[in-house]
Every structure is written in C-alpha cells, then in structure tokens.
Amino acid sequence: MKHLVFFGAPGAGKGTQAKKLAEQFNLSHISTGDVLRNEIAGLTELGNLAKKYMDKGELVPDDVIIAMVEHIIEKLSDQQGFILDGFPRTIPQVEALDIMLDKHNRQITKVIFLDVPKQELVNRLSSRAEIEGRADDKDINIIENRINVYNQKTTPVLDFYSKQNKLVHINGIGTIDDIYNRILSVV
Ligand code: AP5
Ligand code: MG
C-alpha cells in the first residue's frame, strides 16, 4: 500500500502533482492546507483559529494540525493508501505522524521532495493569486514569509526522512507532465 508524503516549498507543485497521482492510484489526497481552507470557508472554530496564522504565512500550531490529521487518518479504511500534502512540516509533526501510523500498522513508504528554486516559487504563487485568489498569495511579503518559514522550520524534516532512506529528490522544474512522469518513475 502506498503511504506517500509530498514535500516542498510553497508553490513547489505538491497539490498539483498529488492530485494527479491520487486519481491514478485511487489514493486519498490529504492536503492540510485544503482542509484548513475548507474550515475557514465553513466559519468553524478551527477555521477561525487557523486563519490568524495562515493570513500571515505562519504555521498553524502543531497540536492543532496533529489532532486534525489524526482524525482524518482514523477515518480511512484499512486498505486505503494516501498522499500527505503539506504535512508533516515540523519535527514534532514528523514524530506525531510516526506514532499515529504505528497505531494503525502503517508506515510512510516514500517522501517525494519537489525541488524548485525560490524565484520560480515566487512567480508561480504570484500568478496563482490572480487565478485562485488565495489570501496568502496576494501579498509578496506573505509569500516571502511562507518561504522563510519553510526554510527555517520545515526543511529539517528532509534530514529526518533522508536518514530513513525514504527521501526521493525530484527536479520540480519543467512542465506539469514532465514532473509527473519523474514522480511515476519512482513510486
Ligand atoms: P498549504 O496549502 O500547504 O500551502 P503552501 O505550502 O504554501 O503550498 P502551496 O499550496 O502554495 O503550494 P503547492 O506546493 O501545493 O503548489 P501547487 O501545486 O498549488 O498551506 C497553507 C497554510 O496552511 C500554511 O502557510 C500554514 O499556515 C497552514 N498549514 C498547512 N499545513 C500545515 C502544517 N502541516 N502545519 C502547520 N500549518 C500548516 O502549485 C502552485 C502554483 O504553481 C499553481 O498555480 C500551479 O498551477 C502552478 N504550477 C504547479 N506546477 C507547475 C509547473 N510545473 N510549472 C508551472 N506552474 C506550475
Ligand atoms: Mg498546496
């Protein structure tokens, strides 16, 4: 069974590629960002709390995110594989994920790292602001902050999975189909 993590900076293409792969292999696509944006749209308590952080490009606190992901994973049927997109993003999240998967006799099989240089990230997110109107894409300072937060708090996660030999490095520059084919060749 496939239990994949799609990893990369904001704008690296995690959502775009995870959606395609999830459809082809019938995997659950678990995007923590999408779940949080749905909560915001639904004006829930979780949404109201998350919005304060997301609008600034800051991470939502670990305990909130971990409880949210655990709730989603618990509801999956035993045979259902998944792609995590945007989680885990900190070392406490990695550790919590390990514990929750252990409980369900699951393990992360591979971590797909989509590697994209900063200027391309900024270009993609600035263009997406025009198309999707995401609050955190509209302001260059928030985009920059998300990239800084990624560099400081999220990149240590790479080391953790690299030591477990689970990390696969993918060049994230090129057409969406080219990148998808690179991913297909490793999963
Ligand atoms: P999240 O929703 O995860 O956003 P993000 O990390 O900022 O990443 P993006 O969704 O912007 O980028 P992506 O890699 O999915 O790229 P995409 O495929 O869309 O998180 C948002 C916020 O929620 C966080 O800031 C935080 O506050 C909170 N949050 C979420 N998870 C959390 C967690 N675990 N812990 C704490 N807080 C959390 O592509 C980007 C654009 O580029 C699109 O327009 C796309 O069409 C285009 N594109 C894609 N591929 C290509 C290509 N090959 N060539 C040209 N354009 C391309
Ligand atoms: Mg995304």
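**Close-up 1. Asn-26 sits in the loop between H1 and S2.** In this predicted model, the thing to look at here is the backbone of Asn-26: its phi is positive, about 55°, although Asn-26 is not a glycine. To get your bearings, helix H1 covers 14–25 and strand S2 covers 28–31.

**Close-up 2. A cis peptide bond joins Phe-87 to Pro-88.** Omega for this bond is near 0°. Pro-88 belongs to the loop that runs between strand S3 (82–85) and helix H5 (91–103).

**Close-up 3. Ligand 1 has polar atoms of Gly-11, Glu-58 and Arg-134 around its oxygens.** Start with the backbone: a backbone N or O atom of Glu-58 lies 2.6 Å from an oxygen atom of ligand 1. Gly-11 also brings in a backbone N or O atom, at 2.8 Å from a ligand oxygen. Arg-134 uses its side chain instead, with a polar atom there lying 3.0 Å from an oxygen atom of ligand 1. How much of the ligand does the protein bury? Taken alone, ligand 1 exposes 1,000 Å², and 88% of that is buried by the protein.

**Close-up 4. A shell of 31 residues surrounds ligand 1.** The closest of them are Thr-16, Glu-58, Arg-89, Arg-128 and Arg-146. Sorted by class, the shell holds 12 nonpolar, 10 polar and nine charged residues. As for where ligand 1 sits, the space it takes is the largest pocket. Four helices give two or more residues to the shell: H1 (14–25), H2 (32–41), H6 (118–132) and H9 (176–184). Which element gives the largest share of the shell? That would be H2, with four residues.

**Close-up 5. The largest pocket, seen as a space in its own right, holds about 1,100 Å³.** Its lining takes in 49 residues, and those nearest the pocket centre are Gly-11, Lys-14, Arg-128, Arg-134 and Arg-146. The elements giving two or more residues to this lining are strands S1 (3–7) and S2 (28–31), along with helices H1, H2, H6, H7 (140–154) and H9. For the lining, the largest share comes from H6, which gives six residues, whereas H2 gives the largest share of the shell around ligand 1. By class, the lining splits into 18 nonpolar, 18 polar and 13 charged residues. Some names come back from the earlier views: Arg-128 and Arg-146 are also among the closest residues to ligand 1, and Gly-11 is the residue with a backbone atom 2.8 Å from a ligand oxygen.

Terms used:
Residues are numbered from 1 along each chain as its sequence is written. Chains are lettered from A and ligands numbered from 1 in the order in which they are written. This is a predicted model: local features need pLDDT of at least 70, side-chain atom pairs count only at pLDDT 80 or more; totals for chains, interfaces and linings use all residues. Side-chain values use heavy atoms; hydrogens and water are left out. A residue is near a molecule or strand if one of its heavy atoms lies within 4 Å of it. A polar contact is a pair of N or O atoms within 3.5 Å; within protein, one must be able to donate a hydrogen and the other to accept it, and residues adjacent in sequence count only if both atoms are side-chain atoms. Accessible areas come from the Shrake-Rupley method with a 1.4 Å probe; for residues, only the protein chains shown count as cover. On a 1 Å grid over the protein atoms alone, a cavity is a set of points where a 1.4 Å probe fits but cannot get out, and a pocket is an open set with protein on both sides within 12 Å along at least five of seven lines; lining residues have an atom within 4 Å of a point. A molecule sits in a cavity or pocket if more than half of its atoms lie within 2 Å of its grid points. Ala, Val, Leu, Ile, Met, Phe, Trp, Tyr, Cys and Pro count as nonpolar, Asp, Glu, Lys and Arg as charged, and the others, Gly among them, as polar. Grid points are joined across faces, edges and corners, and a volume is the space filled by probe spheres set on the points.
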